[in-house]
Amino acid sequence: MDPVNPMNPPVSVRTVAVVGLGTMGTGIAEVLACAGREVVGIDISETAARRAVTAVEASTARAVERGRLSGEGRRAALARLRTATTLRAAVDADLVIEVVSESYETKQQVFRELDGIVRPDAILATGTNALSVTRLAADSRHPERVVGMHFFNPAPAMKLVEIVSSVLTSPTAVAAVTGLARDLGKEPVAVGDRPGFVADGLLFGYLNRAAAMYESNYASREDIDAAMRLGCGLPMGPLALLDLIGVDTARTVLEAMYADSQDRLHAPAPVLRQLAAAGLTGRKAGRGFYTYAAPGSAEVVPDALTPAAVTADAVPREVRTVGVAGSGTMASGIAEVFAKAGYDVVLAARSTAKAEAARERVAASLARSVAKGRTTEAARDAALGRIAPAGTLDALAGADLVLEAVAEDLGVKQKLFAALDRICKPGAVLATTTSSLPVVACARATSRPQDVIGMHFFNPAPAMKLVEVVRTVLTGDDVHATVRALTATIKKHPVDCGDRAGFIVNALLFPYLNNAVKMLEQHYASVDDIDAAIRLGGGYPMGPFELLDVVGLDVSLAIEKVLYEEFREPGLAPAPLLEHLVAAGCLGRKTGRGFREYARR
């Protein structure tokens, strides 16, 4: 009788062997030992085995200091962990988790040897994040007991575990590792066998696009990373994350994804091969996209690419009065930002009533800040007093800088810039807050394109720290210097980027969102599982479908169309499901239905 049979009760997992004691294997061993499992850590290198024990001792000591683990709990966990340098140490294991290098040959050799060592009812799990579980299982004597168990780094902190079944995997094996994951305090997500699974399948395409953006010299590594951290609330920028994962590992994952999808967006950016070939594989090597204090260190140190202290390209123009054209949420938010920073603000709308309503929106926002103790009543009154609402664009005639925050429609914006060209005084800086349209097209609607620049704030403007500074080929050096200095004065973080669709943030964010929709279309995983995988596996504040519903499916579709028209990459074509939902009027939270349904207000 085969013990790993769907009719048998789930296997009880008490003893676990972890094969491969690198960073991931060590973290998994720690999680298991702290959860009461007997753990055998196996590595052919005695040095690696000793290093793993030292790392677990240090990590658990920090957990005690932070109140996450008791002293007695730590001593018991360390007593449950032993190491060995031969696979024969796994003879009594109920479960073996391999986390050796991402190589079919290496992993298959481990499974072949384990077949002759472990009990027939023992489960064999691979920690791969790129290779085919089916292919690994097919080479095993008992393919029905082979399953994927993909932890995320750092394993003690990250909650997600992707449970990967092949067509050969027994439901009993799946049930056993799923139950174990829950016992470890993790959240298991069941996925099918394809490269990257859910989380990495979405994240690595995004990371690859960031690497390609850097390679093209579109933006600096620091600006790319800052843009995604500050603009999207991500815990790390993409290039820093590639260094953490390992440039060579990322390239392996992308190669597997490209072989499966043939999507050019998954073809590894050449810079990944160049860095890997040079041994610059990231933190573990002490150098990758960034340079680190030592191999394995997280401390970034200056190198030849580190920006020097920012010096202006030219003398900035003086800005005392700021004009804001528009009356929506973004316009009122930008007006609030400048007023709080001490600038006189003219808030111009199509009517006095709309301008007054926008000012009232600022008043409500400032009142909330007072209630939360973020500002004083005196500061609120002073900021509100600096905002002058106006029902005509003529009121912007004396402004030193004017920002438009009107509808995201190129014709509307060009008409507005033509009007500002007639109204605004010579030397005034004219800025657009567009998130996807060509800034130069707005500039050409004026007789002074050298004075026009992009200044892309993020919503809500008072809270979000990022401003993408978009310079066209016609923008004057002094205008660029003015906007960078002004952005720092209002306590925002400027990042420089060129005038192409999506700039930094949207050019990286929306292809990732589009790929999530395609993954759903293919019935690979559910909305809830994809969102959970990204939140728990990537540390993102929102899953892709939650974010799409917040942004608005119509807005998202419009941006994706602009990106596709600009870059003409087949992989950027909007997912048909997104187009169908928009056509049906399912636009997200604002209509009560998008990828999820919402209670009507």
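**An eight-stranded open sheet and its surroundings**

In this predicted model, 8 strands form an open sheet in the order E13-E12-E11-E14-E15-E16-E17-E18, and the pairing is mixed. Strand E13 (387-390) and strand E18 (493-498) are the edge strands, each paired on one side only. Direction ignored, neighbouring strands of the sheet are turned by 25° against each other on average.

Within the sheet, strand E14 (residues 401-404) and strand E15 (residues 429-432) run parallel and are joined by 4 bridges. Glu404 has Thr432 of E15 as its bridge partner. Helix H15 (residues 410-423) packs on the sheet and touches E11, E14, E15 and E16. The direction of H15 makes about 170° with that of E15. Helix H12 (residues 329-340) also contacts the sheet. Lying across strand E11 (321-325), strand E12 (344-348), E13, E14 and strand E16 (452-457), H12 runs at about 165° to E12.

A helix pair was examined next. Helix H13 (residues 352-371) packs against helix H14 (residues 377-385) at an angle of about 165°, and the two axes are 10 Å apart. H13 is therefore roughly antiparallel to H14, since angles over 145 degrees count as such. The crossing of H13 past H14 is right-handed. On the H13 side, the contact involves Arg359, Val362, Ala363, Leu366, Ala367 and Val370. H14 contributes Glu377, Arg380, Ala383, Leu384 and Gly385. Of these contact residues, 7 are nonpolar, 1 is polar and 3 are charged.

Backbone geometry was then considered. Most peptide bonds are trans, and most residues other than glycine have a negative phi. The bond from Asn153 to Pro154 is cis, with omega near 0°. Pro154 sits in the loop between strand E6 (146-151) and strand E7 (160-164). The bond from Asn459 to Pro460 is also cis, again with omega near 0°. Pro460 belongs to the loop between E16 and strand E17 (466-471), two strands of the open sheet.

Positive phi values occur at Phe197 and Lys491, neither of them a glycine. For Phe197, phi is near 55°. Phe197 lies in the loop between strand E8 (187-191) and helix H7 (199-215). With a relative accessible area of 1%, Phe197 is buried. For Lys491, phi is about 65°. The loop that holds Lys491 runs between helix H17 (477-489) and E18, an edge strand of the sheet. Lys491 is exposed, with a relative accessible area of 65%.

Notes:
Residues numbered from 1 in each chain as written. Predicted model: local features only at pLDDT ≥ 70, side-chain atom pairs only at ≥ 80, totals over all residues. Heavy atoms only, no water. Axes fitted to C-alpha atoms, helices over the stretch in contact; angles between N-to-C directions. Parallel < 35°, antiparallel > 145°, perpendicular 65-115°, else oblique. Left-handed = near helix turned anticlockwise from the far one by under 90°. Contact = heavy atoms within 4.5 Å. Nonpolar A, V, L, I, M, F, W, Y, C, P; charged D, E, K, R; others polar. Pairing = 2+ DSSP bridges. Buried < 20%, exposed > 50% of the residue type's maximum accessible area, 1.4 Å probe, protein only.
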